[in-house]
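Open the model in a viewer and keep the selection tool at hand. The stops below go from enclosed spaces to an open one, and then to the ligand.

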Amino acid sequence: MAILLLADHDSNHLSDQTAKTLTAAAKIGGDVHVLVAGAGAKVVAEQAARLSGVSKVLVAEDVSFANNLAEPLAALIVSLAGNYDTIISAATSTGKNVLPRVAALLDVAQVSEIIEVVSADTFKRPIYAGNAIQTVQSTDARRVITVRTASFAAASEGGSASIEAIPAASDPALSTFVKDALSASDRPELTSAKIIISGGRALGSAEKFRQVILPVADKLGAAVGASRAAVDAGYAPNDWQVGQTGKIVAPDLYIACGISGAIQHLAGMKDSKVIVAINRDEEAPIFQVADYGLVADLFEILPEFQKAL
Ligand SMILES: Cc1cc2nc3c(=O)[nH]c(=O)nc-3n(C[C@H](O)[C@H](O)[C@H](O)COP(=O)(O)OP(=O)(O)OC[C@H]3O[C@@H](n4cnc5c(N)ncnc54)[C@H](O)[C@@H]3O)c2cc1C
């Protein structure tokens, strides 16, 4: 049997979440078919076909798929499920919206946010905000899995899979699209950024956050993150929050400024390749996960760093 991988895309670009999920799918083993559902998503299907390890791309074009509404996507996947023993998606907001519905409709238990494939039916996943790793064996006939993509490298290009058009399933019409409220930014997107600089409660105000963190981010071409304390205090918008209830990131470089290192923050960034912490309290827990730690006042150090850059 084969694996059905739900592509993550915006109708123009296939996100690298798909290539990372493909690496997890390849470890499970079997033919991998990528499902591209959208309205006018042929260009995305072509990008998916070039990923190495994809044996077929299924493209379903219908207006009901234009905005990633979960109900029509779940209906489509369930209509195809008979041909697959594994249905997999990145644990993105779309994946986390669609796959639980698929699991419920198929009456199986979803295995969520895997970080390692042990074998075709056994996976590792974090629990208790990353404090423990659970090994889960699924005995369901059909496995429904979401993938924490920060734990997998992206599959390379070099494939030339066939592309097959398939019909949409009938739309259950349980939801309607109202609007997208996207924040426009020239900065890299947090979950795919190579460098992230994050600020915490120590920044003290939205104005100081902007004055101290953003110029360094601009010099580094970095995305900007924040602790929940900084977001709750209104220093940073909530789509910048990194952590258990924010975004899970794993950049090449993560610079934590004035962040204590609470377990809920670490849950979102401890897989970063190099962690730099700037904190004036040498006992701050962030130093336990940092590769480089600087015990200093960030209001002195960051302007100096900016000048040096
Ligand atoms: C269910 C739940 C979910 C949560 N989810 C998240 C989450 O997703 N993300 C998250 O971040 N938190 C989350 N939290 C909150 C978390 O527990 C912490 O409260 C939060 O991370 C603290 O943010 P902080 O490090 O910015 O603030 P603090 O803990 O107050 O730390 C501020 C740090 O700044 C340092 N400092 C102060 N002034 C300076 C200076 N001038 N220069 C340098 N250093 C300075 C201090 O020494 C201190 O270490 C969650 C909590 C719960 C209960």
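Begin with the empty space inside: the structure holds 2 cavities of 30 Å³ or more. The model is a predicted one. Rolling a probe the size of a water molecule over the atoms shows where empty space is left.

**Stop 1: the largest cavity**

Select Leu6, Ala7, Asp8, Ser89, Ala90, Thr92, Thr94 and Gly95, which line the largest cavity. Strand S4 (84–90) and helix H4 (93–106) are the elements that each give two or more residues to this lining. The space enclosed in the largest cavity comes to about 40 Å³. Colour the lining by class, and 3 nonpolar, 4 polar and 1 charged residues appear.

**Stop 2: the second largest cavity**

Clear the selection and pick Leu6, Ala7, His9, Ala37, Asn68, Leu73 and Thr94, the lining of the second largest cavity. Leu6, Ala7 and Thr94 were also in the selection for the largest cavity. About 30 Å³ of space lies in the second largest cavity. How many nonpolar, polar and charged residues are in its lining? The lining of the second largest cavity has 4 nonpolar and 3 polar residues, and no charged ones.

**Stop 3: the second largest pocket**

Move on to the second largest pocket, which has about 290 Å³ of space. Its lining is made up of 19 residues, and those closest to the centre of the pocket are Ser227, Ala229, Ile259, Ser260 and Ala262. Show the helices as ribbons here: H6 and H7 are the elements that give two or more residues to the lining of this pocket. By class, the pocket lining has 5 nonpolar, 12 polar and 2 charged residues.

**Stop 4: the ligand**

What takes up the space of the second largest pocket? Display the ligand, and the space it takes is that pocket. The elements that give two or more residues to the shell around the ligand are helix H6 (228–232), helix H7 (263–269) and helix H9 (298–308). Next select Arg201, Ser227, Thr245, Ser260 and Gln264, which come nearest to the ligand among the 25 residues around it. Sorted by class, this shell has 8 nonpolar, 12 polar and 5 charged residues.

**Stop 5: polar contacts of the ligand**

Draw distances from the oxygen atoms of the ligand to three residues.

- Arg228: a polar backbone atom of this residue is 2.9 Å from an oxygen atom of the ligand.
- Gln241: here an N or O atom of the side chain is 2.9 Å from an oxygen atom of the ligand.
- Gly258: a polar backbone atom of this residue is 3.1 Å from an oxygen atom of the ligand.

Last, turn on the surface of the protein around the ligand. On its own the ligand has 990 Å² of accessible area, and the protein covers 76% of that.

Note on methods:
Residues numbered from 1 in each chain as written. Predicted model: local features only at pLDDT ≥ 70, side-chain atom pairs only at ≥ 80, totals over all residues. Heavy atoms only, no water. Near = heavy atom within 4 Å. Polar contact = N/O pair within 3.5 Å; in protein donor to acceptor, adjacent residues only side chain to side chain. Areas by Shrake-Rupley, 256 points an atom, 1.4 Å probe, with all protein chains shown as cover. 1 Å grid on protein atoms, 1.4 Å probe; cavity = no way out; pocket = protein on both sides within 12 Å on 5 of 7 lines; lining within 4 Å. Sits in = over half its atoms within 2 Å of the grid points. Helix = DSSP H or I, 4+ residues; strand = E, 2+ residues; numbered from the N terminus. Nonpolar A, V, L, I, M, F, W, Y, C, P; charged D, E, K, R; others polar. Points joined across faces, edges and corners; volume = space filled by probe spheres on them.
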